[in-house]
Amino acid sequence: MSQEYEILIKKIMKFVEERDWNQYHNPKDLIISLNLEAAELLEIFQWKDEKEVKQVLSDEREHIEEEVADVAIYLMEFCNYLGIDLYEAIDKKIVKNGIKYPVNKCKGSNKKYNEL
Ligand SMILES: [Mg+2]
């Protein structure tokens with residue numbers, strides 16, 4: 001785990017503890033909250049056509065960043081609760097995905113692994 005990650009997770013947990021929110025931040029509610037924040041991120045793009053999406057990407061940049069942070073905060077807190085090393089989990093998953101999606105079979109293709 002990187003030092004920056006450790007510092008961030010400590011900040012998040014301090015924020016939660018100071019407000020006595022540990023009692024509410026159980027794995028179920030953390031993952032529900034993560035998904036609700038992901039939905040808030042989705043909502044920014046709802047009903048937008050390609051041109052409007054481009055506009056939203058610049059006009060709503062700060063809002064997008066805030067929702068991304070909300071998702072990441074809940075993800076980090078969820079991982080912390082379960083003792084998951086997020087960096088290690090991502091590393092392992094990239095290796096697994098590489099086996100699932102070998103470059104020679106999927107380069108330039110958007111097909112799912114079972115259709116390659
Ligand atoms: Mg939000």
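## Model and the K28–D29 pair

D29 counts as partly exposed, at 27% relative accessibility; on this scale buried means under 20% relative accessible area, exposed over 50%, and partly exposed in between, with a 1.4 Å probe and protein chains only. The partner of D29 in a salt bridge is K28, and the closest N and O atoms of the two residues are 3.0 Å apart.

The model is predicted, so that local features need pLDDT of at least 70 and side-chain atom pairs count only at pLDDT 80 or more, whereas totals for chains, interfaces and linings use all residues. Residues are numbered from 1 along each chain as its sequence is written, and side-chain values use heavy atoms, with hydrogens and water left out.

## Domain assignment

The protein is assigned two domains, domain 1 covering residues 3-84 and domain 2 covering residues 86-116; these bounds come from an automatic or database domain assignment. A distance of 25 Å separates the C-alpha centres of domain 1 and domain 2.

## Magnesium site

Four protein residues act as donors to the magnesium ion: E37 (OE), E40 (OE), E67 (OE) and D70 (OD), at 2.1 to 2.2 Å from the ion. Donors are N, O and S atoms within 2.8 Å of the metal (3.2 Å for Na, K and Ca), and sites may look incomplete because water is not among the atoms. Along the sequence, the donor residues follow the spacing E-x2-E-x26-E-x2-D.

E40 belongs to helix α2 (residues 27-45) and D70 to helix α4 (residues 61-82), so this pair ties together parts of the protein that are 30 residues apart in sequence. Helices (H or I, at least four residues) and strands (E, at least two) are DSSP runs numbered from the N terminus. Both donors are partly exposed: E40 has a relative accessible area of 32%, and D70 has a relative accessible area of 26%.

## Salt bridges

Four salt bridges are present in the structure, each defined as a side-chain nitrogen of Lys or Arg within 4 Å of a carboxyl oxygen of Asp or Glu. One of them joins R61 and E65, with an N to O distance of 3.0 Å. R61 and E65 stand four residues apart in helix α4, which means that about one helical turn separates them. R61 is exposed at 52% relative accessibility, while E65 is partly exposed with a relative accessible area of 45%.

Elsewhere, K14, E18 and R19 are joined into one network by salt bridges that share partners. Within this group, the side chains of E18 and R19 meet at 3.5 Å, N to O. E18 is exposed, its relative accessible area being 53%, and R19 is partly exposed at 36%.

## Loops and the nonpolar patch

Two residues combine a loop position with a positive phi. D20, which is not a glycine, has a phi of about 55 degrees; D20 is located in the loop between α1 and α2 and is partly exposed at 48% relative accessibility. W47, also a residue other than glycine, has a positive phi near 70 degrees. The loop that holds W47 runs between α2 and α3 (50-59), and W47 is exposed, with a relative accessible area of 76%. As general background, most residues other than glycine have a negative phi.

F15, W21 and Y24 make a nonpolar surface patch of about 330 Å². Y24 sits in the loop between α1 (3-18) and α2. Patch residues have over 30% relative accessible area and no salt bridge, with like charges joined within 9 Å and nonpolar side chains (Val, Leu, Ile, Met, Phe, Trp, Tyr) within 5 Å; accessible areas come from the Shrake-Rupley method with a 1.4 Å probe, and for residues only the protein chains shown count as cover.

## Nonpolar core

The largest nonpolar core has seven residues, namely Y5, I9, I12, M13, M76, C79 and L86. Helices α1 and α4 each supply at least two residues of this core, and α1 gives the most, with four residues. Such a core is a set of buried Ala, Val, Leu, Ile, Met, Phe, Trp, Tyr and Cys residues joined through side-chain atoms within 4.5 Å.

V16 is likewise placed in helix α1 and is buried, at 2% relative accessibility. Between V16 and L86, which are 70 residues apart along the chain, the C-alpha separation is 19 Å.
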